[in-house]
Amino acid sequence: MSAVYETPRPETSAPPRILIAYYTYSGSTGKLAEELQRLTGGTLTRLYPSQPYPSRFPELLEQVRREIHSHHYPRLLPVSESPARYDIVFVGTPNWCGSIAPPLAAWLRQHGGLAGKTVLPLYSHCGGEPGNIAGAVRSLCPKAQVAPVFAARPDEDDLAAKLDAWLTACGGLSAISV
Ligand SMILES: Cc1cc2nc3c(=O)[nH]c(=O)nc-3n(C[C@H](O)[C@H](O)[C@H](O)COP(=O)(O)O)c2cc1C
């Protein structure tokens with residue numbers, strides 16, 4: 001199973017370089033990303049749309065629905081980390097209307113769908129409509145190796161243990177940790 005998700009590297013190369021790119025609106029995906037950073041030693045990079053989303057829920061929901069349905073990719077603030085330097089890229093997002101948040105979609109598109117990389121998607125949700133987060137990532141990353149998705153609620157118990165089990169199922173923590 002591990003071979004499926006490992007990015008091929010030369011025999012003598014250093015350990016894989018791990019990037020954790022995420023968008024969070026209210027902080028829950030950020031907590032997931034930070035826990036993952038502790039487990040893997042990867043580099044965190046947070047994505048921000050250049051135009052912040054509305055703070056009131058009705059306006060936010062309307063805008064998110066519109067952007068997802070029209071495949072709108074919002075402009076992002078520049079980030080220092082480019083995925084080009086990394087072998088393995090975790091991508092984190094809240095579940096928004098059953099899909100990934102448009103800022104993450106924009107970043108994946110901006111970086112050519114992370115072609116040739118190993119991509120591990122994770123998301124935060126409230127236990128509502130699960131939608132198809134995996135499908136959204138796969139359709140934006142057709143030339144990446146996309147691992148099974150990890151999902152957690154903001155109040156998830158034993159988060160570190162669950163993340164660890166997911167990493168093991170994706171090929172083993174030792175295979176992807178620094
Ligand atoms: C506009 C919007 C749409 C959402 N749609 C869903 C959904 O379809 N399914 C679900 O389980 N949670 C949904 N949620 C809840 C978020 O996924 C959940 O609160 C998540 O933990 C937020 O992550 P964040 O704090 O990183 O932004 C939605 C929240 C918002 C604001």
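Me: Which residues come nearest the ligand in this model?

Reply: Keep in mind that we're reading a predicted model. Of the 23 residues around the ligand, the nearest are Tyr25, Ser28, Thr29, Pro94 and Gly128. Two elements, α2 (28-40) and α3 (57-69), each give two or more residues to that shell.

Me: And how do the residues of the shell divide into nonpolar, polar and charged?

Reply: Polar residues number 13, against nine nonpolar and one charged.

Me: Let's move to the helices. Which residues of α5 are buried?

Reply: Start with the general idea: an α-helix has 3.6 residues a turn, so residues three or four places apart point the same way. Now the case here. Helix α5 covers residues 133-140, and its buried residues are Ile133, Ala136, Val137 and Leu140. Looking down the axis of α5, you'd find these buried residues within an arc of 95°, so they line one face of the helix.

Me: What do the buried residues of α5 pack against?

Reply: They pack against three strands, plus a helix: β3 (88-94), β4 (118-124) and β5 (145-146), along with α4 (102-110).

Me: Okay, α4 then. How many of its residues are buried?

Reply: Seven of the nine, so to speak a mostly covered helix. The buried ones are Pro102, Pro103, Leu104, Ala105, Ala106, Trp107 and Leu108. These buried residues of α4 pack against β1 (18-22), α3, β3 and α5.

Me: How do I read a pair of packed helices? Take α2 and α6: what is the angle?

Reply: In general, two packed helices are described by the angle between their axes and the distance between the axes. In this structure, α2 and α6 (residues 159-169) pack at about 60°, and their axes are 10 Å apart. The crossing of α2 past α6 is right-handed.

Me: Which residues meet in that contact between α2 and α6?

Reply: From α2 you have Glu35, Leu36 and Leu39, and from α6 you have Leu159, Ala160, Leu163, Asp164 and Leu167. By type, the contact of α2 with α6 has six nonpolar residues, two charged and no polar.

Me: Now the backbone. Which residue other than glycine has a positive phi of about 50°?

Reply: As background, most residues other than glycine have a negative phi, and most peptide bonds are trans. The residue you want is His71. His71 sits in the loop between α3 and β3. Leu114 is another non-glycine with a positive phi, near 55°, and Leu114 belongs to the loop between α4 and β4. There's a glycine to note too: Gly112, just after α4, has a positive phi of about 60°.

Me: Are His71 and Leu114 buried or exposed?

Reply: Count the other C-beta atoms within 10 Å: 20 or more makes a residue buried, and 12 or fewer makes it exposed. His71 has 9, so it's exposed. Leu114 has 25, so it's buried.

Me: What about Lys31, where does that residue lie?

Reply: Lys31 lies in helix α2. With 16 other C-beta atoms within 10 Å, Lys31 is partly exposed. Along the chain Lys31 and Ser124 are 93 residues apart, yet their C-alpha atoms are separated by 9.4 Å.

Me: Last one, zooming out. How many helices and strands does the protein chain have?

Reply: Seven helices and six strands. Along the sequence the pattern runs α-β-α-β-α-β-α-β-α-β-β-α-α. The protein chain has 178 residues, of which 37% count as buried. For contacts between residues at least 6 apart in sequence, 78% join residues at least 24 apart.

Notes: Residues numbered from 1 in each chain as written. Predicted model: local features only at pLDDT ≥ 70, side-chain atom pairs only at ≥ 80, totals over all residues. Near = placed C-beta within 6 Å. Helix = DSSP H or I, 4+ residues; strand = E, 2+ residues; numbered from the N terminus. Nonpolar A, V, L, I, M, F, W, Y, C, P; charged D, E, K, R; others polar. Arc of directions from axis to C-beta. Contact = placed C-beta atoms within 7 Å. Axes fitted to C-alpha atoms, helices over the stretch in contact; angles between N-to-C directions. Left-handed = near helix turned anticlockwise from the far one by under 90°.
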